[in-house]
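User: Could you take a close look at one part of this protein for me, the pockets on its surface, and start at the beginning of the chain? I am new to this, so please go step by step.

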Amino acid sequence: MIYSHEVETMCPIAQGVAHGAAPIPEEAKWVKAKEITDISGFTHGIGWCAPQQGTCKLTLNVKEGVIQEALVETIGCSGMTHSAAMAAEILPGRTILEALNTDLVCDAINTAMRELFLQIVYGRSQSAFSEGGLVVGAGLEDLGKGLRSQVGTMYGTLAKGPRYLEMTDGYVTKLALNEDDEIIGYKFVNFGKMMDFIKGGMDANAAFEKAQGQYGRVDDAVKFVDPRKE
């Protein structure tokens, strides 16, 4: 350790205050975190890239400083999906400090990791008051049925009005309109369910029909519109 001349010539004074770190809540315990291994928690965060053309929702389950589980969800940029695939391989097994200083391929994912790091080390995790934390596998519960991300995609113009394209329910196939051309409901197909039916041996057309559903006052509609064509 090299000290400046000014510090070298100072007289020593006792550093009396030594109460340690302030405790943070972790998995129903109060922890004075000094090392990375002192950190545990399950939480979510979002990140964005510099041009803000896409975003990432990242979910991590950390036990004793090591990432045990990672869920990487992206939207808005085609390249981000490939980055997410790489990040899902990179993150498990790394400490949160390693992950913070690792290139996760996409700026949005890197930013999400930064936001999660801040939450976790400050004790703001989703599992702060859950005894024992959350089991590894809890990240999958963030997903909708059929293990698909919960996505909402809507589009609208002043000239032609709104178009519902995708809901958590599924891919929107028809918009139900009333006599004033207002949306009062929609029909959809749940791709997760449809794929499960197909994997179970069902014919694709039959699976498509069985995975359909509707929401709202569909039965009162006077007209149906394909949101992608009409």
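Analyst:
**From the chain start to the pockets**

Methionine 1 is exposed, because its relative accessible area is 88%, over the 50% cut-off for that word. Please keep in mind that this is a predicted model. Methionine 1 sits in the segment before helix 1 (5–8). Together with Tyr3, Val7 and Met10, Met1 makes up a nonpolar surface patch, and the four share about 520 Å² of accessible area.

Now for the pockets. The largest pocket holds about 210 Å³ of space. Its lining is made of Ile46, Thr55, Cys56, Lys57, Glu73, Thr74, Ile75, Asp142, Ser149, Gln150 and Val151. Strand 4 (55–63) and strand 5 (66–75) are the elements that each give two or more residues to this lining. If you sort the lining of the largest pocket by class, you find four nonpolar, four polar and three charged residues.

The second largest pocket has about 150 Å³ of space. Around it you can find Lys160, Gly161, Pro162, Arg163, Leu175, Leu177, Asp181, Ile183, Lys223 and Val225. Here the elements giving two or more lining residues are strand 7 (161–167), strand 8 (170–177) and strand 11 (223–225). Strand 7 provides the largest share, with three residues. By class, the lining of the second largest pocket counts five nonpolar, one polar and four charged residues.

Key
Residues numbered from 1 in each chain as written. Predicted model: local features only at pLDDT ≥ 70, side-chain atom pairs only at ≥ 80, totals over all residues. Heavy atoms only, no water. Patch = residues over 30% accessible without salt bridge, like charges linked within 9 Å, V, L, I, M, F, W, Y side chains within 5 Å. Areas by Shrake-Rupley, 256 points an atom, 1.4 Å probe, with all protein chains shown as cover. Salt bridge = Lys/Arg side-chain N within 4 Å of Asp/Glu carboxyl O. Helix = DSSP H or I, 4+ residues; strand = E, 2+ residues; numbered from the N terminus. Buried < 20%, exposed > 50% of the residue type's maximum accessible area, 1.4 Å probe, protein only. 1 Å grid on protein atoms, 1.4 Å probe; cavity = no way out; pocket = protein on both sides within 12 Å on 5 of 7 lines; lining within 4 Å. Points joined across faces, edges and corners; volume = space filled by probe spheres on them. Nonpolar A, V, L, I, M, F, W, Y, C, P; charged D, E, K, R; others polar.
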